[in-house]
Amino acid sequence: MKELQQKVKDEGVVIAGSVLKVDAFLNHQIDAALMKKVADHFYDYYKNKDVTKILTIEASGIAPSIMAALAFDVPCLFAKKAIPSTLTEEVYATDIHSYTKNKTSHVVVSQKFLSADDKVLIIDDFLANGEAALGLYDLVKQAGAECVGVGIVIEKSFQQGADRLKNEGLDVLSLCRITSLEGDKVTLVGEE
């Protein structure tokens with residue numbers, strides 16, 4: 001996806017050679033038109049998978065996930081990092097470690113919203129080590145649902161996340177693949 005790749009190169013900020021800050025269009029301020037195009041790419045790729053639900057984790061995965069849910073005309077479900085007092089029903093739960101924040105969160109989704117009848121497309125903003133996507137996949141398996149794929153907006157291909165997901169048999173589509181952040185510069189796949 002050329003427009004997304006250019007945006008990452010033009011507006012992404014590399015921190016300490018390993019973290020990419022994209023708060024100008026994805027993680028703080030959201031470029032809605034770009035997120036619609038991201039969702040359209042996910043739709044084109046997974047449209048024959050009979051998706052019944054989009055699953056993500058709060059907070060940065062929500063924008064592309066909502067747009068994808070619109071494209072598929074299905075609900076968007078996001079795993080919560082804290083159990084609110086209003087969530088009184090049974091939940092599926094797992095622990096997910098964030099590479100960027102170096103923090104482990106106990107995340108939950110209500111069993112009311114995820115069932116064995118669902119065909120789930122997981123969507124997330126970043127793929128580094130694969131912890132978030134694997135945690136969401138664990139929630140899907142707990143529900144007895146089927147995971148039809150994992151859509152990633154930005155993948156750090158120099159980390160092991162994509163391989164870990166593919167080793168689980170998951171169909172992964174990453175729209176922007178980064179091979180390096182060395183020298184505080186974004187290098188995309190094919191630019192080496």
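**Figure 1. Asp50 sits in the loop between α2 and β3.** This close-up, like the others here, comes from a predicted model. Most residues other than glycine have a negative phi, and most peptide bonds are trans. Asp50 is not a glycine, yet its phi is positive, at about 55°. A second residue to look for is Asp184, in the loop between β9 and β10 (187-188). Asp184 also has a positive phi, near 55°, and is a residue other than glycine. Asp184 is partly exposed, with a relative accessible area of 49%.

**Figure 2. A cis peptide bond links Glu58 to Ala59.** Here omega is about 5°. To find your way, look for the loop between β3 (53-57) and α3, where Ala59 lies.

**Figure 3. Helices α1 and α2 meet at an oblique angle.** Their axes come within 10 Å and cross at roughly 135°. An angle over 145 degrees would count as roughly antiparallel and one of 65 to 115 as roughly perpendicular, so this pair is called oblique. α1 passes α2 in a left-handed crossing. On the α1 side, the contact is made by Glu3, Leu4 and Lys7. Their partners on α2 are Leu34, Lys37 and Val38.

**Figure 4. Helices α2 and α3 are oblique to each other too.** They pack at an angle of about 55°, and their axes are 8 Å apart. The crossing of this pair is right-handed. From α2, the contact takes in Ala32, Met35, Lys36, Val38, Ala39, Phe42, Tyr43 and Tyr46. α3 answers with Ala63, Pro64, Met67, Ala68, Ala71 and Phe72.

**Figure 5. The largest nonpolar core brings together 34 residues.** Good places to start are Leu4, Val8, Leu20, Ile54, Ile154 and Ile178, the residues with the most contacts inside this core. Two or more residues each come from α1 (2-11), α2 (32-46), α3 (62-72), β7 (119-127), β8 (146-156) and β9 (172-180). α2 gives the most, with six residues. For a look at one member, pick out Val8: leaving aside neighbours within four places in sequence, Val8 is in contact with Leu20, Phe25, Ile154, Cys176, Ile178 and Val186. Another core, of 28 residues, lies apart from this one. Ile57, Tyr92, Val120 and Ala145 are among the residues of that other core.

**Figure 6. Val109 is a buried residue of strand β6 (residues 103-110).** Its relative accessible area is 2%. What surrounds Val109, once its neighbours within four places in sequence are left aside? Val109 is in contact with Leu55, Leu77, Phe78, Ala79, Glu90, Val91, Tyr92, Leu114 and Leu139. Follow the chain from Val109 to Leu139 and you pass along 30 residues, while the C-alpha atoms of the two are separated by 7.7 Å.

**Figure 7. Helix α4 covers residues 131-143.** Its 13 residues reach 19 Å from the first C-alpha to the last, close to the 18 Å expected. Which residues of α4 are buried? They are Ala132, Ala133, Leu134, Gly135, Leu136, Tyr137, Leu139, Val140 and Ala143. An α-helix has 3.6 residues a turn, so residues three or four places apart point the same way. Just after the helix comes Gly144, with a positive phi near 75°.

**Figure 8. Asp118 is buried in the loop between β6 and β7.** Is Asp118 buried or exposed by the numbers? Its relative accessible area is 9%, and buried means under 20%, so Asp118 counts as buried. Not counting residues up to four places away in sequence, Asp118 touches Thr52, Lys53, Phe113, Ala145 and Glu146.

**Figure 9. Arg177 is a partly exposed residue of strand β9.** Its relative accessible area is 36%. Setting aside residues up to four places away in sequence, Arg177 touches Glu155, Ser157, Leu188 and Val189. Gln29 is 148 residues from Arg177 in sequence, and their C-alpha atoms are 21 Å apart in space.

Key. Residues are numbered from 1 along each chain as its sequence is written. This is a predicted model: local features need pLDDT of at least 70, side-chain atom pairs count only at pLDDT 80 or more; totals for chains, interfaces and linings use all residues. Side-chain values use heavy atoms; hydrogens and water are left out. Helices (H or I, at least four residues) and strands (E, at least two) are DSSP runs, numbered from the N terminus. The expected span of a helix is 1.5 Å times one less than its number of residues. Buried means under 20% relative accessible area, exposed over 50%, partly exposed in between (1.4 Å probe, protein chains only). A nonpolar core is a set of buried Ala, Val, Leu, Ile, Met, Phe, Trp, Tyr and Cys residues joined through side-chain atoms within 4.5 Å. Contact means heavy atoms within 4.5 Å. Axes are lines fitted to C-alpha atoms, for helices over the stretch in contact, and angles run from 0 to 180 degrees between N-to-C directions. Angles under 35 degrees count as roughly parallel, over 145 as roughly antiparallel, 65 to 115 as roughly perpendicular and the rest as oblique. A crossing is left-handed if the near helix is turned anticlockwise from the far one by less than a right angle, and right-handed if clockwise.
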